[in-house]
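Okay, thanks for making time, everyone. I'd like to walk you through one model today, and I'll start with the charged side chains before moving on to the backbone.

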Amino acid sequence: MSSAQVVNVTLPALSGWSADKDFNAVGKLSASTQRNLEPVGPHFLAHARRKRHQRTFSEDERIQAQQNVKKTEDDEDDDISEAEDAMMLSRDAKDWKSQDHYAVLGLSKYRWRATPEQIKRAHRKKVLRHHPDKKAALGDRDENDNFFKCIQKATELLTDPVKRRQFDSVDEAAEVEPPTKKEASKGNFFKLWRPVFVAESRFSKIQPVPQLGDENSTFEEVDSFYNFWYTFDSWRTFEYLDEDVPDDNENRDQKRHVEKKNANARRKRKTEDTARLRHLVDDCAAQDERIKNFRKAARAGKDKKRLEKEAEAKRLADEKEKARQEEEQRKKDAEEAAKAEREKSKKAKEAAKNAAKKNKRVLKGSVKDVNYFAESGEPSAAQVDSVLTDVDFVISKIDSEELAALAERLTGAGKDAAAVKGVYVEEVKRLVGAGKAKEGEAKFFA
């Protein structure tokens, strides 16, 4: 070790500075005031208490410890106070893994719901009651501090979030048994099943968890509840039940074997827990009257829709049949009307044809009645042929209406040859003027 070395250094002198001329006072002290002081504080109160009761330091400390324990018990008796089981007090501290840590701290009724503050207060209360020094101060000379070690272990585990979650994962005392069918048939379904799902919800990675609801819950709420639990995402790992892994300095193969064994055991427990939860949800759904009512309403709705669909199909079929019948009737009426029209047209054509024949006879008879315009005696064959050729020519150039009009004029002309010829001459001129005939085509009536 090196020794300390002293170095003598002379401070430099202040040159050019004088206290008389360079010091300036910026204030002054106030005048003194007379005050009366009273002795206060915990140490003075302890001194006064010992003097008043004529106690020694150790006696006063022991009595104060007793009063603090009683005060702590009285202050916290309402929320974290439980009767201590004799078997629990005699538990071996080495068997900590199988102990109920919440019961050790008096938090059985809270368990996974206990807050860090409650755990801290419960630990303080148990320490004040079971700490070896406190027990000695109270006159208890029992040297067995196993339960105190259990308290320390429980506090260590429950104040560590990871270790506490591992213990909560296998805390059987926090489980709520589901009601049987017989119990559910006698009691209130929601009152019996709600605590079960509240207890199971502590394992959900997703928070908050949908509630069971009541008889007034909607279909969407009930469906969401059961969908959530059928696809439940649990954080349970069952690590707390693992077999202790050997230290690093022991056989590595044995260590790997134990780790593999623990991993397989955790997977098996996880699978069994998933199957257990699904079976639990199945039982709840089977007893849930709301689902039965929803299914009944759904069946009624399906029946209603089916009946409405059948009625609609029947209505459409009836409308289609009616439309088909109307179409057939329309076609029938149209056919009958067309037939009647054809009959009428046929009759009209026949009438027109007959009228045309009659009118043609009138035209040919008109020239015959005037002796084919012969001035005396019998007309020659050439004249008859010439007149009839022109008559046929005129007939071929006019329609039925013109033919009728011409026949009417010839009838009016009677047997007057000049008048008859004049009618023909006028008609030929009209045809020439209308472009239906050429000049000279009707030679006789030119």
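**Salt bridges first**

Let's start with Glu321 and Arg324, whose side chains meet in a salt bridge, at 2.3 Å from N to O. Keep in mind, as with everything I'll show, that this is a predicted model. Both Glu321 and Arg324 sit in helix α14, three residues apart, so about one turn of the helix. How exposed are they? Glu321 has a relative accessible area of 32%, so it's partly exposed, and Arg324 comes out partly exposed too, at 36%.

That pair is one entry in a longer list, and the structure holds 32 salt bridges. Let me pick out a couple that reach across the chain.

Take Glu200 and Arg276, which form a salt bridge with the closest N and O atoms 2.9 Å apart. This pair links distant parts of the chain: Glu200 is in helix α11 and Arg276 is in helix α13, 76 residues apart. Now, buried or exposed, what do we get for Glu200? Glu200 counts as buried, because its relative accessibility is 6% and the cut-off for buried is under 20%. Its partner Arg276 has a relative accessible area of 31%, so Arg276 is partly exposed.

The other one I like is Glu402 with Lys436, where the side chains meet at 3.3 Å, N to O. Again the two ends come from distant parts of the chain: Glu402 is in helix α16, residues 400-413, while Lys436 is in the segment after α17, 34 residues away. Glu402 is buried, with a relative accessible area of 18%, and Lys436 is partly exposed at 36%. And this pair has company, if you look around it. Glu402, Arg409, Glu427, Arg430 and Lys436 are linked in a network of salt bridges.

As a general reminder, side chains of opposite charge can pair when their charged atoms come close.

**Charges without a partner**

Now for charges that gather in patches on the surface. Which residues make up the positive patch? That's Arg295, Lys296, Arg299, Lys302 and Lys305. Arg295 lies in helix α14, which runs over residues 289-369, so we're back on the helix that holds Glu321 and Arg324. Arg295 counts as exposed because its relative accessibility is 54%, and exposed here means over 50%.

There's a negative patch as well, made of Asp214, Glu215, Glu220, Glu221 and Asp223. Glu220 from that group has its place in helix α12, residues 219-230. At 56% relative accessibility, Glu220 counts as exposed.

**Backbone oddities**

Okay, backbone. Most residues other than glycine have a negative phi, and most peptide bonds are trans. So here are a few spots you may want to click on.

Gln54 has a positive phi of about 55°, although it isn't a glycine. You'll find Gln54 in the loop between α2 (42-53) and α3 (57-76), and with 67% relative accessibility it counts as exposed.

Phe238 is another non-glycine with a positive phi, about 60°. Phe238 lies in the loop between α12 and α13, the latter being residues 252-287. And where Gln54 is exposed, Phe238 counts as buried, at 6% relative accessibility.

Then there's a cis peptide bond, from Gln207 to Pro208, with omega near 0°. Pro208 is in the loop between α11, residues 189-200, and α12.

**Cysteines and the tail**

Somebody usually asks about disulfides, so how many are there? The count comes to zero. For two cysteines you might look up, Cys150 counts as buried at 1% relative accessibility, and Cys284 is buried as well, with a relative accessible area of 0%.

Last stop is Ala442, in the segment after α17, which is also where we met Lys436. Ala442 is buried, with a relative accessible area of 3%. How far is it from Gln325? The C-alpha atoms of Ala442 and Gln325 are separated by 61 Å, and the two residues are 117 residues apart along the chain.

That's the tour, and I'm happy to go back to any of it.

Note on methods:
Residues numbered from 1 in each chain as written. Predicted model: local features only at pLDDT ≥ 70, side-chain atom pairs only at ≥ 80, totals over all residues. Heavy atoms only, no water. Patch = residues over 30% accessible without salt bridge, like charges linked within 9 Å, V, L, I, M, F, W, Y side chains within 5 Å. Areas by Shrake-Rupley, 256 points an atom, 1.4 Å probe, with all protein chains shown as cover. Salt bridge = Lys/Arg side-chain N within 4 Å of Asp/Glu carboxyl O. Lys, Arg positive; Asp, Glu negative; His and termini not counted. Charge placed at Lys NZ, Arg CZ, Asp CG, Glu CD. Helix = DSSP H or I, 4+ residues; strand = E, 2+ residues; numbered from the N terminus. Buried < 20%, exposed > 50% of the residue type's maximum accessible area, 1.4 Å probe, protein only. Disulfide = S-S within 2.5 Å.
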